[in-house]
Amino acid sequence: MGGVPAGKPLPDVIAPGLDVLFCGINPSLTSAAVGHHFARPGNRFWPALHLAGLTPRRLAPDEDRELLRHGLGSTNIVDRPTRTAAELAPDELRAGLAALADLVVAYRPRVVAVLGVTAWRQATGRRRAALGRQPEPLGGAETWVVPNPSGLNAAHQLPDLARWYGQLRGGR
């Protein structure tokens, strides 16, 4: 049930054959400190999952292992916690994406959902990549880029996040 490589400051929530593996950019300092995904106040991941119908109720960050019961999981492109994702170097994102592809090959989720188009563009070198289903799978899984749920991402409000996340279950 683990999938926690040595030295990972925030353990993955992963199991074989998940329906959707959500992939954040990197852990916030708060998430790394408490050991749970999307724990920073103001992050809209948990309410968006519930509003999208992916969880039967709004989970709290300390219930992140409950994602597995719903065919969902969570990991990050880069393991290093930072105050903001802007602190990451493009080389870190590229290396993290390669490691993510290996993780996907090992655990075989149906969909990988990367939470943030800017990080995806930097990690892949595809400067014009857009939100939505990507033309090439990552590690053999259907790959989507969806809006980042950070409260710092004012371009996408909660109903919009829920709409994007809800598309992942059906794959279209």
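These legends walk through four views of the predicted model above. Local features need pLDDT of at least 70 and side-chain atom pairs count only at pLDDT 80 or more, while totals for chains, interfaces and linings use all residues. Residues are numbered from 1 along each chain as its sequence is written, and side-chain values use heavy atoms, with hydrogens and water left out.

**View 1. The whole protein holds 5 helices and 5 strands.**
Helices (H or I, at least four residues) and strands (E, at least two) are DSSP runs, numbered from the N terminus. Following the chain from that end, you meet β-α-α-β-α-β-α-β-β-α. The radius of gyration, taken over C-alpha atoms, is 14 Å, which agrees with the value near 16 Å for a compact globule of 172 residues; that rule is 2.2 Å times the number of residues to the power 0.38. Of the contacts (heavy atoms within 4.5 Å) between residues at least 6 apart in sequence, 67% join residues at least 24 apart.

**View 2. The 5 strands make an open sheet with mixed pairing.**
Read across the sheet, the order is 2-1-3-5-4; two strands count as paired if DSSP finds at least two bridges between them. Strand 2 (72-76) and strand 4 (132-133) stand at the edges with a single partner strand each, so one side of each has no neighbour in the sheet. Further in, strand 3 (residues 111-115) and strand 5 (residues 142-146) run parallel, joined by 5 bridges. Look for L115, whose bridge partner in strand 5 is V146.

**View 3. Helix 5 (residues 158-170) packs on the sheet.**
This helix touches strand 1 (20-24), strand 2, strand 3, strand 4 and strand 5. Its direction makes about 175 degrees with that of strand 5; axes are lines fitted to C-alpha atoms, for helices over the stretch in contact, and angles run from 0 to 180 degrees between N-to-C directions.

**View 4. The largest nonpolar core has 48 residues.**
Such a core is a set of buried Ala, Val, Leu, Ile, Met, Phe, Trp, Tyr and Cys residues joined through side-chain atoms within 4.5 Å, where buried means under 20% relative accessible area (1.4 Å probe, protein chains only). F22, F45, L49, L100 and Y165 have the most contacts inside this core. Two or more residues come from each of strand 1, helix 2 (45-51), helix 3 (90-107), strand 3, helix 4 (117-124), strand 5 and helix 5. Helix 3 gives the most, with 7 residues. Not counting residues up to four places away in sequence, Y165 touches several partners, among them F22, F45, L49, L115 and V146.

Technical notes. Buried < 20%, exposed > 50% of the residue type's maximum accessible area, 1.4 Å probe, protein only.
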